[in-house]
Amino acid sequence: MSETKIKTNFIHQPGNYKEEVEIPQDLPLLPVTNTIVFPYVVAPLVITDERNMAMVNEALSQRKMIGVFVNKVTGDEENRPLDLYDVGVAVFILKMFRLPDGSMGLMVQGLSRIRLQEITQKEPFLRGRISAIPEETGKSVRIQALVREIEELFQQVVSISPILPDELGQAIANVDNPSRLTDLIASNLKMEIHELQSVLSTLNVEKRLVKLLTILNKELELLKLGSKIQSEVRSRIEEGQREYLLREQMKAIQKELGEKDERTAEIDELKGRIEEAGMPVEAREAAEKELDRLSRMPPQAAEYTVSRTYLDWLISLPWNRKTDDRIDVVQAKTILDEDHYDLDDVKDRILEFLAVRKLRETSKGPILCFVGPPGVGKTSLGKSIARAMGRKFIRYSLGGMRDEAEIRGHRRTYIGSLPGRIVQGIKKAGANNPVFMLDEIDKVGADFRGDPASALLEVLDPEQNNTFSDHYLEVPFDLSNVMFITTANVLDTIPGPLLDRMEVIRIPGYIEEDKLQIAKKYLIPRQREENGLKTAQFRISDRAVRRIISEYTREAGVRNLEREIGTCCRKVARQIAEGETGRMAVTPDNVPQFLGPRRFFSEVAQRRDEVGVATGLAWTPVGGQILFVESTVMSGGKGMLLTGQLGDVMKESAQAALSYIRSNTGRLGLTGDFYDKKDVHVHVPEGATPKDGPSAGVTMATSLVSLFSGYPVKHDVAMTGEITLQGRILPVGGIKEKVLAALRSGIRNVILPKLNEKDLAEIPENVRSKMTFYFVEWLDEVFDLTLKKRKLKTQGIPQKGNE
Amino acid sequence: MKPKIHKAHFRPLEEEMDFFFSSFFGASYPSIYRKELAWRPATDVYETEDCFVVILELAQIDPRDVAITFHDGLLLIRGIRKTMPPPEPRRYHKMEINYGPFEQKIPIPGDVDTDNLSAQYNNGFLEIRLDKTRTFSVNTINIKVE
């Protein structure tokens with residue numbers, strides 16, 4: 001080993017001893033790739049490589065000095081080729097210790113820059129010959145300026161950097177040598193290894209200062225940007241925390257002031273309203289549970305609104321709020337009479353209900369079903385019932401409803417779910433005993449969404465509806481105080497179980513006399529009012545109304561009548577508005593001026609007695625109607641043609657009529673070949689309207705007998721009744737409507753089955769007195785009454801004697 | 001010979017070095033600047049009712065190789081441990097014992113009687129006693145190790 005030594009600036013003069021720290025020219029070498037130990041800097045080194053550990057061991061046994069050089073090639077540790085930069089640092093090992101993973105930790109102090117002359121040994125570790133690089137000093141003005149600038153910049157870096165401790169700034173101030181300053185700063189900056197090496201290799205102090213200045217500027221920019229990004233991110237996070245903190249503080253302040261925060265106030269208010277709502281136990285428990293849930297929920301939660309809405313529903317329902325029933329039967333009758341003409345049956349039923357209510361307060365509400373043609377006042381009857389009883393009135397039309405949830409509501413799991421129409425109606429009424437009208441119950445549909453009619457079963461059963469459970473509410477609501485009234489045009493389409501729960505009250509069509517009265521009492525005053533006319537400005541004579549009824553409307557109810565009266569009112573109103581002052585009156589003569597030419601003609605008035613044409617009576621949902629059965633005969637062979645949209649039952653009754661005639665040819669006095677070589681065609685006009693039912697049996701039989709016998713049928717006789725093959729006549733329904741229809745059409749003679757005689761009681765006296773009724777038991781009687789100039793033989797019919 | 005006294009250096013870098021060791025494996029650490037290559041012996045400083053006591057752990061020292069000076073409230077102890085482990089083939093597992101020059105600067109927090117300073121080297125411990133007193137001297141005092 002060479003004994004030549006390199007002098008350093010490290011000198012010790014303890015007491016009477018002086019030692020100069022010198023570096024041997026021959027040093028063990030440590031190639032590094034990730035760090036540089038600058039002169040005068042104490043820094044740690046970690047050694048994992050076995051070769052280098054051996055090298056350190058050797059150094060420790062001698063002068064404890066090694067040369068640290070950066071390897072130009074970084075990356076793959078295993079097969080890294082050796083290519084060292086030629087400027088390195090001689091370091092002194094202060095301490096050595098083993099790390100838990102077996103690698104070696106060194107605390108070293110940089111002594112001096114050295115230059116690698118040549119590598120003298122590669123195994124077992126690197127050793128090389130080095131030469132000294134004397135430390136350059138300089139105090140030129142330019143250097144001083146650079147130093148000041150660098151110190152300034154570095155202070156900024158230290159103040160921004162989250163890593164560098166503030167003490168470093170002070171340490172810099174104590175370094176008076178520009179060269180050492182650059183080394184210390186460089187060793188504290190996070191730099192890429194080759195950049196560090198370039199600082200180390202730059203021997204000229206001035207150049208090194210310039211280089212460092214550039215690096216420091218770059219570093220400062222990076223740090224500023226980094227801290228800006230950081231603070232932006234932090235401020236975004238802190239925004240939420242800030243809001244939370246402020247809210248908490250506000251709560252605390254409000255608490256201090258004895259005030260309540262908005263939310264607590266809201267919860268308290270809800271609590272109070274639950275107290276006041278007077279809910280039954282079950283509902284109350286549900287409400288309190290929900291309130292508890294709500295109070296623990298942040299208002300931003302999506303669930304909050306759902307919960308809040310549910311609570312609002314629970315609270316706002318009239319659990320025990322009810323209106324007092326006005327139970328004065330006499331006054332109620334007055335009100336009902338005021339609102340509606342006639343309809344005595346219905347009024348009686350209402351008054352009976354009220355009477356029972358008076359005697360027994362807890363009686364269950366009846367469920368009435370008003371059945372009748374449109375425009376007869378079913379809905380308005382419901383309203384006046386509510387008025388008579390002093391109850392709230394709610395109306396909901398079930399027509400076309402197909403969704404069960406409409407009745408019972410949606411479960412709360414669905415977004416935007418609400419209670420069903422029943423509960424909604426009750427809430428709207430604000431009382432738990434309204435008159436609840438369910439219109440058009442015969443037009444409830446059903447599809448994949450369920451069957452609303454079945455859901456209605458629960459609602460309309462007085463035995464069950466005290467615990468009606470809405471899907472949304474989930475707690476039972478007592479509907480037993482509600483008075484349900486349903487309306488329908490026909491009963492056929494109402495499901496049996498539903499119909500069974502209701503008390504059906506038929507409201508048949510009105511006759512001309514009724515309509516006149518209704519018009520005078522209600523329609524004319526109402527239309528006058530609606531069109532802004534004074535009583536004196538609009539007058540209409542009874543005969544004019546009658547003309548409108550018979551020539552401009554044909555209906556069971558009064559809707560069109562009201563409309564026509566309205567038309568008259570409007571025309572009068574227009575004339576007044578145009579400045580005409582004369583008295584406007586609607587008279588029978590000037591009706592066409594108001595309403596145009598006559599719209600309907602009495603069918604009978606146009607007719608005369610004809611062969612093969614008989615007048616029947618039919619029942620339709622919109623009231624009774626007359627219909628004509630025409631038959632004709634042509635060459636052919638025993639064929640029978642039935643046209644006019646006849647249903648199966650009607651076709652069969654035509655067959656029965658023909659069979660009866662064929663089997664009784666002799667008695668009926670018909671010639672034998674009337675049928676053999678002929679085709680018969682029976683047609684029921686207004687072919688577009690579907691018709692069905694057995695009640696046209698007599699009419700068809702009469703038409704056919706007339707055809708075959710050649711005797712014309714009296715045109716002013718109408719008939720109805722089902723026939724048997726024996727010629728017996730069976731009773732049919734809808735007598736009142738049919739009779740009214742006959743009267744409307746100007747027919748005064750009506751043939752009815754004997755067994756329907758009892759139904760005559762339904763027909764008002766003033767109608768009865770205008771008409772002649774014939775009650776028949778056998779077909780032969782019908783032929784006697786209807787066919788002209790010919791009396792049929794009636795012998796041989798045994799039952800005849802019974803009459 | 002009077003040793004040259006350096007200006008008081010109240011921020012011993014050795015202390016920073018201790019911090020250094022504690023964060024040896026940390027991702028970040030500051031590099032430390034040090035001008036001397038002297039080590040710092042472990043030291044106790046305490047005061048009794050009538051004196052300050054400074055004890056340094058200095059094994060294997062020749063008292064003649066130690067210089068103690070007191071100047072302007074700063075006690076400066078410098079010296080050298082010449083003893084080296086015998087030159088034989090070896091493999092280190094730990095190397096913490098310092099050899100060579102050492103130095104310790106201790107600011108004394110109070111007035112001392114500069115006439116009455118004593119130092120004793122015994123069993124590897126160097127003990128320096130400084131009596132509390134009113135007397136005040138700005139002169140540099142050399143303390144002889146007994």
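Two strands pair if DSSP finds at least two bridges between them. That rule underlies the sheet described below, which belongs to a predicted model.

**The sheet in chain B**

Chain B holds an open sheet of 4 strands. Their order is E7-E5-E4-E10, and the pairing is antiparallel. Strand E7 (100-107) and strand E10 (141-143) of chain B stand at the edges. Each has a single partner strand, so one side of each lacks a neighbour in the sheet. From one strand to the next, the twist averages 20°.

Strand E5 (residues 74-81) of chain B joins E7(B) through 8 bridges, in the antiparallel sense. Across this pair, Arg78(B) stands opposite Glu103(B) in E7(B).

**Chain A in outline**

Chain A has 803 residues, and 38% of them count as buried. Its secondary structure comprises 27 helices and 26 strands. Among contacts in chain A with a separation of 6 or more, 73% link residues 24 or more positions apart.

**Two nonpolar cores**

In soluble globular proteins, nonpolar side chains tend to be buried together. Here are two separate cores.

| Core | Size | Members include |
|---|---|---|
| Largest | 141 residues | Leu314(A), Ala657(A), Ile661(A) |
| Second | 59 residues | Val89(A), Leu164(A), Leu200(A) |

Helix H24 (residues 697-709) of chain A gives the largest share of the largest core, 7 residues. Ala701(A), Leu704(A), Ala742(A) and Leu779(A) are among the residues that touch the most other members of that core.

What does Leu779(A) touch, not counting residues up to four places away in sequence? Its contacts are Tyr660(A), Val698(A), Ala701(A), Ile723(A), Gly727(A) and Ile729(A).

Conventions: Residues are numbered from 1 along each chain as its sequence is written. Chains are lettered from A and ligands numbered from 1 in the order in which they are written. This is a predicted model: local features need pLDDT of at least 70, side-chain atom pairs count only at pLDDT 80 or more; totals for chains, interfaces and linings use all residues. Helices (H or I, at least four residues) and strands (E, at least two) are DSSP runs, numbered from the N terminus. A residue is buried if 20 or more other C-beta atoms lie within 10 Å of its own, exposed if 12 or fewer, and partly exposed in between; C-beta atoms are placed from the backbone. Two residues are in contact if their C-beta atoms, placed from the backbone, lie within 7 Å. Axes are lines fitted to C-alpha atoms, for helices over the stretch in contact, and angles run from 0 to 180 degrees between N-to-C directions. A nonpolar core is a set of buried Ala, Val, Leu, Ile, Met, Phe, Trp, Tyr and Cys residues joined through C-beta atoms within 7 Å.
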